[in-house]
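Visitor: I would like a close look at one part of this structure, namely the surroundings of the ligands and the core beside them. Please start from the overall layout and work inwards.

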Amino acid sequence: MIEHIEIEKCTGCGVCDAVCPADVIHMEPASGPVPVAGLRLTNLLPVIKFREHCITCFSCEIFCPERIVDVHPSVKNRPRPW
Ligand code: SF4
Ligand code: SF4
């Protein structure tokens with residue numbers, strides 16, 4: 001399951017959002033002054049919107065050009081349906 005994005009190193013490229021097959025990650029406008037030094041293409045930053053939908057496919061971690069997405073192999077955090 002996706003655990004964390006090191007947002008302070010993110011460039012806002014949107015690749016993690018584009019490759020996620022479960023629509024977990026959404027690009028959203030950065031609030032206030034752009035807080036990320038490396039942000040260069042857009043003022044959108046990834047938000048882990050629906051963590052519980054993550055299928056632990058590792059695509060976001062593999063394709064992030066900055067290597068800042070952390071996906072843990074465990075699915076233990078997934079809420080039980082009961
Ligand atoms: S591991 Fe796969 S399903 Fe989970 S957030 Fe990343 S791309 Fe989406
Ligand atoms: S792929 Fe990496 S650098 Fe690009 S928006 Fe996602 S977390 Fe940021």
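How many helices and strands does the protein have?

Guide: The model is a predicted one. The protein has two helices and four strands, and along the sequence these follow the pattern β-α-β-β-α-β. Of its 82 residues, 16% count as buried. Among contacts between residues at least 6 apart in sequence, 71% join residues at least 24 apart.

Now to the ligands. Ligand 1 has 15 residues around it, and those that come nearest are Cys20, Val24, Cys54, Cys57 and Cys60. By class, the shell of ligand 1 holds 13 nonpolar residues, two polar ones and no charged ones. Ligand 2 has 14 residues around it, with Cys10, Cys13, Val15, Cys16 and Cys64 coming nearest. Its shell divides into ten nonpolar, three polar and one charged.

Next, the core. The largest nonpolar core has twelve residues. Its cysteines are Cys10, Cys16, Cys20, Cys54, Cys60 and Cys64. Of these, Cys20, Cys54 and Cys60 are listed among the residues that come nearest to ligand 1, while Cys10, Cys16 and Cys64 are listed among those that come nearest to ligand 2. The core also includes Ile2, Ile5, Val24, Ile25, Leu45 and Val69. In soluble globular proteins, nonpolar side chains tend to be buried together.

Ile2 shows how one core member is placed. Leaving aside neighbours within four places in sequence, Ile2 is in contact with Val24, Cys54, Cys60 and Val69, which are core members too. Ile48, Arg51 and Val71 are also in contact with Ile2.

Two lysines can be set beside this picture. Lys49 lies in the loop between strand S3 (44-48) and helix H2 (59-63). Lys49 counts as partly exposed because it has 14 C-beta neighbours inside 10 Å, where a buried residue needs 20 or more. Not counting residues up to four places away in sequence, Lys49 touches Val24, Ile25 and His26; Val24 and Ile25 belong to the core. Lys49 and Val24 are 25 residues apart in sequence, yet their C-alpha atoms are 5.6 Å apart in space.

Lys9 lies in the loop between strand S1 (2-5) and helix H1 (15-19). With 13 other C-beta atoms within 10 Å, Lys9 is likewise partly exposed. Its C-alpha atom is separated by 7.2 Å from that of Ile68, 59 residues away along the chain.

Conventions:
Residues are numbered from 1 along each chain as its sequence is written. Chains are lettered from A and ligands numbered from 1 in the order in which they are written. This is a predicted model: local features need pLDDT of at least 70, side-chain atom pairs count only at pLDDT 80 or more; totals for chains, interfaces and linings use all residues. A residue is near a molecule or strand if its C-beta atom, placed from the backbone, lies within 6 Å of it. Ala, Val, Leu, Ile, Met, Phe, Trp, Tyr, Cys and Pro count as nonpolar, Asp, Glu, Lys and Arg as charged, and the others, Gly among them, as polar. A nonpolar core is a set of buried Ala, Val, Leu, Ile, Met, Phe, Trp, Tyr and Cys residues joined through C-beta atoms within 7 Å. Two residues are in contact if their C-beta atoms, placed from the backbone, lie within 7 Å.
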